[in-house]
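Me: I am new to this structure and would like a close look at one part of it. Could you walk me slowly through the place where two of the chains meet?

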Protein chains: 4
Amino acid sequence: MALLDPLFGWKPVDDIFAEDVTVQRMLDFEAALARAEAEAGVIPEDAATLIAANCRAELFDLEDIAAGSAQAGNLAIPLIRELARKVAAKNERASGYVHWGATSQDVIDTALVLQIREALILIETAVIAARNRLGELALKHKESPIAGRTWMQHAVPIVLGIKFAGWAEALNRHVARMRETSARCFALQFGGAAGTLASLGDRGVVIAQALAGRLNLALPVVPWHTHRDRIAEVATVLGLLIGTLGKIGRDISLLSQSEVDEIREGSDEQRGGSSTMPQKRNPVSSAVLIAAATRAPGLVSTMLAAMIQEHERGLGVWHAEWDVMPELVRLAGGAVHQLDIAVEGLEIDRDRMRTNLDATFGLIFAEAVSVAVAEHTGRSRAHELIAASSREAVRTRQHLRTVLENNEELKQYLSTEELDRLFEPAAYAGSSATFIERVISSWSE
Amino acid sequence: MALLDPLFGWKPVDDIFAEDVTVQRMLDFEAALARAEAEAGVIPEDAATLIAANCRAELFDLEDIAAGSAQAGNLAIPLIRELARKVAAKNERASGYVHWGATSQDVIDTALVLQIREALILIETAVIAARNRLGELALKHKESPIAGRTWMQHAVPIVLGIKFAGWAEALNRHVARMRETSARCFALQFGGAAGTLASLGDRGVVIAQALAGRLNLALPVVPWHTHRDRIAEVATVLGLLIGTLGKIGRDISLLSQSEVDEIREGSDEQRGGSSTMPQKRNPVSSAVLIAAATRAPGLVSTMLAAMIQEHERGLGVWHAEWDVMPELVRLAGGAVHQLDIAVEGLEIDRDRMRTNLDATFGLIFAEAVSVAVAEHTGRSRAHELIAASSREAVRTRQHLRTVLENNEELKQYLSTEELDRLFEPAAYAGSSATFIERVISSWSE
Amino acid sequence: MALLDPLFGWKPVDDIFAEDVTVQRMLDFEAALARAEAEAGVIPEDAATLIAANCRAELFDLEDIAAGSAQAGNLAIPLIRELARKVAAKNERASGYVHWGATSQDVIDTALVLQIREALILIETAVIAARNRLGELALKHKESPIAGRTWMQHAVPIVLGIKFAGWAEALNRHVARMRETSARCFALQFGGAAGTLASLGDRGVVIAQALAGRLNLALPVVPWHTHRDRIAEVATVLGLLIGTLGKIGRDISLLSQSEVDEIREGSDEQRGGSSTMPQKRNPVSSAVLIAAATRAPGLVSTMLAAMIQEHERGLGVWHAEWDVMPELVRLAGGAVHQLDIAVEGLEIDRDRMRTNLDATFGLIFAEAVSVAVAEHTGRSRAHELIAASSREAVRTRQHLRTVLENNEELKQYLSTEELDRLFEPAAYAGSSATFIERVISSWSE
Amino acid sequence: MALLDPLFGWKPVDDIFAEDVTVQRMLDFEAALARAEAEAGVIPEDAATLIAANCRAELFDLEDIAAGSAQAGNLAIPLIRELARKVAAKNERASGYVHWGATSQDVIDTALVLQIREALILIETAVIAARNRLGELALKHKESPIAGRTWMQHAVPIVLGIKFAGWAEALNRHVARMRETSARCFALQFGGAAGTLASLGDRGVVIAQALAGRLNLALPVVPWHTHRDRIAEVATVLGLLIGTLGKIGRDISLLSQSEVDEIREGSDEQRGGSSTMPQKRNPVSSAVLIAAATRAPGLVSTMLAAMIQEHERGLGVWHAEWDVMPELVRLAGGAVHQLDIAVEGLEIDRDRMRTNLDATFGLIFAEAVSVAVAEHTGRSRAHELIAASSREAVRTRQHLRTVLENNEELKQYLSTEELDRLFEPAAYAGSSATFIERVISSWSE
């Protein structure tokens, strides 16, 4: 739905999958094939030149190609027929060398690989940028106390920097994944009618090598028409990336709830408004991140389901990839783009973080108190005592410190100085600074 | 991907989700709202008239609306702003009554419901047509023997009509499901900012009633902004339908394999050709049916995952529906359309069905022989004897009948007349004719 | 994983899918089949009596049956073999009538349908109980103000009752769905080797009718071995139900966050504790609801994918249902059980609801103010003015009312009485009470 | 469902996820933690010794632990409580050091990682064995002609070895993936209450390092409680592997159809029988492979959906992993096990392969004829001519060669010798042998 592309997409990635670009990538394959075959002496040089000269998407009527696909069952057949017709208009004989030795799937798969590669370069760059920015934020906030929350409840104080470091480190792992995947998966598809390059006699592998070289793709050890693990692997890597983006979007949206309000997406006057409520500042980027993460699992599962392709060419299952894979790449692009927007504009309210830490009657300090008491009573007894004091604090709406100070047993164990120390969030950083430094240095090595 | 719409889609359904039609359905809501509110005396009559007059999609720049969605987080905000601007150009005060009392989700959801309803009417009609045609084929072939196949192995002979009856009856259940779902799910969305119609004071329900009437939608007992079971139910019903279509596509493709070749999709010279192999007649409709069935589970699972919408409006999860739901409806439309094409053009080769029955050394009659022998030996012993004879037939490449005739023990139990009867596929119809008649009469009542 | 059954499951439902009960349901089919066939004179009365007498799961070694399934590819074959052996030990001839005319899938499918039916009765009852309890809560809180939240931000005030009414009404729709589905889907499976009941000659449908009667199942118009829409429909209906349960779990968890704290799951001293943090009261029921809703979409999508079953018996796709469908039913059971626990124990803090309404500088009243101002300035101008005032309130940390009172233009439009009215949340109930009454009466009719 | 474990599972992998082993892995974490902390001087040596001595699953009542999980929301809390109780029975003070500084998720996640690692070692070994065996088969059949099939139709002749090479090479890529994933994902989880190891002061990272060393796991740069990409990545890698296994299972099942019958799963008298049809030899391994491939996409999508975990510990989404991840690993184990069985027992019928090649009126040679004719007429004209001849061959049930010989135009281009060459499948090997050698050498380097 193009209407929503500006919201969910990222133009540079969307453009890679535009109709004319898709057709151009298919034509790039045909041009490179003709040239590689001419080079190998398999087709005449002048035929190759003429074919390549006609491999320009702007010469083709896309609606005709699209209509032809309904009869043919794929886009390659009408496109190649039309290419041959154009070549034939100049040189009948040359037109016989169009698509020589190749099959529809060769051109469709290779074009898709070319598109995915282009997109992944953009996506990786954007992920690295967000990772680096988050790394800076992690360092900046390595001593900014904030409530640590588990089960969506206050747990113990942590520092904001450790959140950012966790996000950044996850992004860094995705960069590593994208690189491993790129090395394995950006491979030429070229096998001819049933994967043996039979119509090229003994010249098949030589031409394949030259073709791969021209397209700057890896030459696979064997054509992979019905072995879809390469394409599906890219899908899973994007699915994993989007999962992390969704987690970040969820965290931002939780931290920017009206009652929490510690972090907000940046905004200008237009962004995130409501049609009825003048005060609204909706977290649009978070919404896009969460939407992408809601959709990606279904798309990845489709790509996995579509791996079950029969014999030498899949029936229907291969077809299922054609809309799904570009959609997933575009979704990843859009989400990464929104992450960049969100991280760049992030507004952080340290005062509110501090206020929220204090808002729960001091209960967030209960673990620390319990650890301290445990040295006197053992761990189970301490846990029981502090759990009871916590319930009393909630019931009576008193601060936990007050309850502790009024408890006959506990005041034996807890001096005023000890309590001062225990109720100071800065004391809870633990290994945070070390972790943050480990994160940053892990990717700058 | 519009390039593939002619292959995967069905134009009448695709058109319902065209960009301008989507915008028009949203404007239909706004026009009906203004009129209902004027009728109730809540906004001035002339404002309503002016608003309604501007609710024509062709007056709007869709690219502007699309671009605005990136800031606003949905399509409604930029559309309504633009509508208000158009109205204000004529009458500043009237423009204040645009979208009065409604929220973005009211218009977006209601427009989607209107689109889905239109599409389901087309889909249901096509399903009924295919069902009826299959019913006729079932009757026609109620005595045409064909191999029954389980685990993709010959099992026992059946008749072709029972296959068609099974397909038809499944389609009939989908018709019932679509009707039940339509009655429950085609409901107005109208709740205002947070679902209470607060800004309409005590006139909320009256206006909602009038609005529902104008759009010919059910009035739900309460607005359903974050209760997505209605929309998700439609998704599941379409998912179920597509599952059946995929089963039919799989069966056709299996029956039309080169080695089976009992049923073929119709073809003309263009349809289902190959870019390299002149003899190819690829089953294009089956491919589309299977592709749809490969994709639908992921789309349905996304719609189910998207049901977890927070509080009074979902964040991101609602957004996830926007591309997914139309895609699923379009997929269903395209698949139903291909079913119609496939069923209409179906070529049936009774001779080949018969040849294939005989091709497996008579093993397909083994169950019947076993039942007959069981009357003499008990069931386990009979099963053992015939299993051994079957293995011998395969090993020695003799017909099972020959093996039986040469077996000392078995020939006591099996006379020549008995063997004639047992190796006659027509004897295997069992209750097929009854079942076929039950199927047809189940929907004609 | 049985270790987690007490957490994720509901014992009455889990018990239905216990190993011995599964085997018993299969034996129930065999017993009923033998009796129906004896009744029809197809097998001897004494054979049927002997077979039925041996159809008791406690007589069977489940490990043997399980081990046999690895060779046979399903549970029915080793079970029936063992049943025949037991019968043969008493009467060799009678053993030949075990499973007469049926196929493995007949018994496996029918047993599953029997189990699902038992479970759905329990689930429906629990859903109705929760619905009714929520209905009472809706009435009780029909005037309890609470922040309406959209995009996880304060929107406008609503009442708590409308939340409960929305949950209850969704549950009520699920009751309707379960009933429609039950009527359509609880059908006997009985078709013999390839769905024609061929080995029963012309007695097939008569016996099927009698068998259906004995098992109190509907007699389908035709066997449905590879038409899985019935089973898959049950899966989708449970998926929809779980989606609503997940939405309720999410809402409860959001409302019980430390900073919101308006609603809490009930607790005793043990429930929801932490291994380290003595103050923790984790929302265990919400976790189970959300876990179920996270898992259900994948399970439903598998059931939809498994609909593509070949010819007269699916290969592998049918097998895929065997663990998945019981798991989904059990998940639904566990989730419904936790809903009951959660709703029964719900603690509601009206004071905190009120405090939270006031916590955002009065911004939650901005829409109402805007509507009031619009009567003087038109809607766009009012929206602009109040948006600017809202931003000022946030920036200067003043209450919105104060900002309005200090604005030269706005104070012309807004008298003190008007402001009193506008900043009173009780004035925002809108149509809430009407909606709540409509909900309750919709299911009590 | 344990009843089906012998069919769907692989005992060595299933055993890793047995209840007592799961508990033992959790206790392994606790024992190693205590020892690492004693080593670092954080807890007393004798406490660590006593704790470690009690970390034996056989000392625990698993039903009690399971029951406790329903209150606590996870297995760790009741297990640790019980462990502390056992230690306290010997030494009250020592019991206070149980689980010191750790949180429930630390032990649950680490135990899961340990289990997955054990399982992946087994799975990888089995995949390599299958790959090697397929490699041998590829070499053996590098000149065995078989029909290449695309769209489930005969395309051109290929050799059987190229099928095996394609399967083997895909398996080899999965080995590479498993290794990359293992290096990245088998990482300790240890972060304490909210991921900062706060209660260990400045000793956190030192202890983490020692703990990782004792468990032979990588030390992650930062705890990863709510960053699930590691676990989810393992899920995706298994999903990809299972996808390939499903493709192999589908191919085997297609090749072993009664009408094709070129390849069969091995069988003994019991395997793959039917309850009614004595001749049946059902492909049980293929069924398990396809069943796994039908289920894996849903499980992977759940793991991806479960990545959206809130703040420092997920609510419900984390819980969703607990049954799903072990299930997926077990499914992979079972499928790999069946692949090994299937490949080891594979029966290959070269005669039937040859017969099938000839069964389609010579149409499978149409592409080659077309290429030959194209040298005289150009490619489009040749395609047209041969397409027409192919249709004539089908219509008149003559061999394509006969049609060609009778065609006035074509017989000018095609001499008898030429036709001999063109209708010889061995001439179609193309680059098959080279591809097969490339595959084998790609993994033996």
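Reply: Here is a walk through the contact between chain A and chain D, followed by a few places elsewhere that help with reading the rest.

Please keep in mind that this is a predicted model. Let us begin with how the two chains are placed. Chain A can be superposed on chain D by a rotation of 180 degrees with 0.0 Å of shift along its axis, and the RMSD is 0.0 Å. That is the relation of a two-fold axis. The interface follows this pattern: 100% of the interface residues of chain A are also interface residues in chain D, so the copies meet through the same surface.

How many residues does the contact take from each chain? Chain A gives 90 residues and chain D gives 90 residues. Between them, the two chains bury an area of about 8300 Å², and carbon and sulfur atoms give 63% of that. Three residues stand out here: A:Trp151, A:His311 and A:Arg379 supply 10% of the area that chain A buries against chain D, more than any other three residues.

Now for the polar side of the contact. There are 35 residue pairs in polar contact between chain A and chain D, counting pairs with both residues at pLDDT 80 or more. On the side of chain A that touches chain D, helix α11 (residues 229–255) of chain A gives the most, with 15 residues. Sorted by class, that side of chain A has 39 nonpolar, 30 polar and 21 charged residues.

Charged pairs cross the boundary too. In general, side chains of opposite charge can pair when their charged atoms come close. Ten salt bridges are found across the interface of chain A and chain D. One to look for is the pair D:Arg184 and A:Glu180, whose closest N and O atoms are 3.0 Å apart.

With the interface in view, it helps to see salt bridges elsewhere, as the structure holds 150 of them over all chains. In chain B, the side chains of B:Arg295 and B:Glu327 meet in one, at 3.3 Å from N to O. B:Arg295 sits in helix α12 (residues 284–305) and B:Glu327 in helix α13 (residues 317–345) of chain B, so this pair ties together parts that are 32 residues apart in sequence. Both of these residues, B:Arg295 and B:Glu327, are buried.

Chain C offers another kind of pair: C:Arg421 and C:Glu418 join their side chains in a salt bridge, again with 3.3 Å from N to O. These two are three residues apart in helix α19 (residues 416–422) of chain C, so about one helical turn separates them. C:Arg421 is partly exposed, with a relative accessible area of 46%, and C:Glu418 is partly exposed at 22%. Salt bridges can also link up through shared partners, and one network joins A:Glu169, A:Arg173, A:Arg177, A:Glu180, D:Arg184, D:Asp229 and D:Glu233.

To finish, return to chain D and look at a residue in a helix. D:Leu79 lies in helix α6 (residues 76–90) of chain D, and D:Leu79 is buried, with a relative accessible area of 3%. Leaving aside residues up to four places away in sequence, D:Leu79 touches D:Val23, D:Met26, D:Leu27, D:Phe60 and D:Ile65.

How values were computed
Residues numbered from 1 in each chain as written. Chains lettered and ligands numbered in written order. Predicted model: local features only at pLDDT ≥ 70, side-chain atom pairs only at ≥ 80, totals over all residues. Heavy atoms only, no water. Helix = DSSP H or I, 4+ residues; strand = E, 2+ residues; numbered from the N terminus. Buried < 20%, exposed > 50% of the residue type's maximum accessible area, 1.4 Å probe, protein only. Contact = heavy atoms within 4.5 Å. Least-squares fit on C-alpha atoms with pLDDT ≥ 70 in both. Buried area = accessible area lost by both parts, 1.4 Å probe. Salt bridge = Lys/Arg side-chain N within 4 Å of Asp/Glu carboxyl O. Polar contact = N/O pair within 3.5 Å; in protein donor to acceptor, adjacent residues only side chain to side chain. Nonpolar A, V, L, I, M, F, W, Y, C, P; charged D, E, K, R; others polar.
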